[in-house]
Amino acid sequence: GLMISAAELTGIVYVLGAATFEEICAVEKEISDLRGPTHETRSLNELCTEAVKEHLLESVSAEDVSGAGTNDNAYFITGPNAFPEIPPELSQVIDILKLPVRKVDMDTISKKLLKSFQKKVHGLKTKIEAVEVDSEEIKKLESKYSDLLNLYYDYDSWLPGRFETVADNLMEISKKIERLKRSN
């Protein structure tokens with residue numbers, strides 16, 4: 001069973017700077033040993049996947065993490081929506097497991113996030129240009145657009161000024177959607 005909450009998950013990653021899934025598993029196991037039995041059934045894997053989807057955590061590669069060495073592990077770092085809650089047992093657990101605290105290169109990470117963000121925006125643009133004008137389709141595009149806009153606001157408050165190119169593209173998309181609606 002799972003002992004930690006999403007907020008505690010981000011707290012663990014926050015304190016460690018960056019952590020692999022294996023490390024998070026080890027920490028969670030120690031914490032649940034310290035806390036005693038539980039009836040929670042969610043898996044840690046599900047919790048991590050969910051956290052990345054909601055941008056509580058972001059997944060980065062080893063090359064963006066100092067002291068990670070050269071491996072092809074994915075590392076988790078805290079994302080724009082994280083409100084870390086540090087488990088009271090954590091410092092004890094870090095001592096037990098002798099876990100390193102790592103530094104993360106936010107410069108290269110923000111460049112990569114920007115790249116993948118631009119891909120999403122470009123994908124949406126292409127869809128809009130190919131759409132048959134029907135109100136159902138337009139609704140779908142609008143909801144995709146609003147997801148990307150919210151993500152832009154999250155990223156922009158997290159790493160200010162690095163996502164301006166995306167903002168311009170989103171403005172363009174907004175105008176395109178308005179045009180579609182008018183022609184409908």
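Let's start with Lys 111, which sits in helix H5. Buried or exposed, where does Lys 111 fall? Its relative accessibility in this predicted model is 57%, so Lys 111 counts as exposed, the cut-off being over 50%. Now look along the chain to Arg 162. Lys 111 and Arg 162 are 51 residues apart along the chain, yet their C-alpha atoms are separated by 8.1 Å.

Stay on H5 for a moment, because Ser 116 is found in that helix too. Ser 116 is partly exposed, with a relative accessible area of 35%. We can use Arg 162 as a reference point again: Ser 116 lies 46 residues from Arg 162 in sequence and 13 Å from it in space, C-alpha to C-alpha.

Next, let's step back to the whole chain. How many helices and strands does the chain have? There are seven helices and three strands. If you read along the sequence, the pattern goes α-β-α-α-β-β-α-α-α-α. The C-alpha atoms fill a box of roughly 65 × 35 × 25 Å, taken along the principal axes. Of the 184 residues in the chain, 40% are buried. And here is a number for those of you who like contacts: among those between residues at least 6 apart in sequence, 79% join residues at least 24 apart.

On to the sheet. A quick reminder: strands of a sheet pair through backbone hydrogen bonds, either parallel or antiparallel. In this model the three strands form an open sheet in the order S1-S3-S2, and the pairing is antiparallel. Strand S1, residues 19–20, and strand S2, residues 57–61, stand at the edges with a single partner strand each, so one side of each has no neighbour in the sheet. If you want to find the pairing of S1 with strand S3, residues 74–78, look for two bridges in the antiparallel sense. Which residue of S3 stands opposite Ala 19? That is Phe 76.

Now bring in helix H1, residues 6–16. H1 lies across S1, S2 and S3, and runs at about 100 degrees to S3. Which residues of H1 are buried? They are Glu 8, Leu 9, Thr 10, Gly 11, Ile 12, Val 13 and Leu 16. The cover over these buried residues of H1 includes the strands S1, S2 and S3, along with helix H2 (21–35), helix H3 (44–53) and helix H4 (90–97). Just after H1 comes Gly 17, with a positive phi, near 85 degrees.

Last topic: pockets. Rolling a probe the size of a water molecule over the atoms shows where empty space is left. The largest pocket here has a volume of about 230 Å³. It is lined by 13 residues, and the closest to its centre are Lys 120, Lys 144, Asp 147, Leu 148 and Leu 151. Where does the lining come from? Helix H5, residues 106–130, and helix H6, residues 135–158, each supply at least two residues. H6 gives the largest share, six residues. As for chemistry, the lining divides into six charged, four polar and three nonpolar residues.

So that brings us back to H5, where we began: the helix that holds Lys 111 also helps to line the largest pocket.

Note on methods. Residues are numbered from 1 along each chain as its sequence is written. This is a predicted model: local features need pLDDT of at least 70, side-chain atom pairs count only at pLDDT 80 or more; totals for chains, interfaces and linings use all residues. Side-chain values use heavy atoms; hydrogens and water are left out. On a 1 Å grid over the protein atoms alone, a cavity is a set of points where a 1.4 Å probe fits but cannot get out, and a pocket is an open set with protein on both sides within 12 Å along at least five of seven lines; lining residues have an atom within 4 Å of a point. Grid points are joined across faces, edges and corners, and a volume is the space filled by probe spheres set on the points. Helices (H or I, at least four residues) and strands (E, at least two) are DSSP runs, numbered from the N terminus. Ala, Val, Leu, Ile, Met, Phe, Trp, Tyr, Cys and Pro count as nonpolar, Asp, Glu, Lys and Arg as charged, and the others, Gly among them, as polar. Two strands pair if DSSP finds at least two bridges between them. Contact means heavy atoms within 4.5 Å. Axes are lines fitted to C-alpha atoms, for helices over the stretch in contact, and angles run from 0 to 180 degrees between N-to-C directions. Buried means under 20% relative accessible area, exposed over 50%, partly exposed in between (1.4 Å probe, protein chains only).
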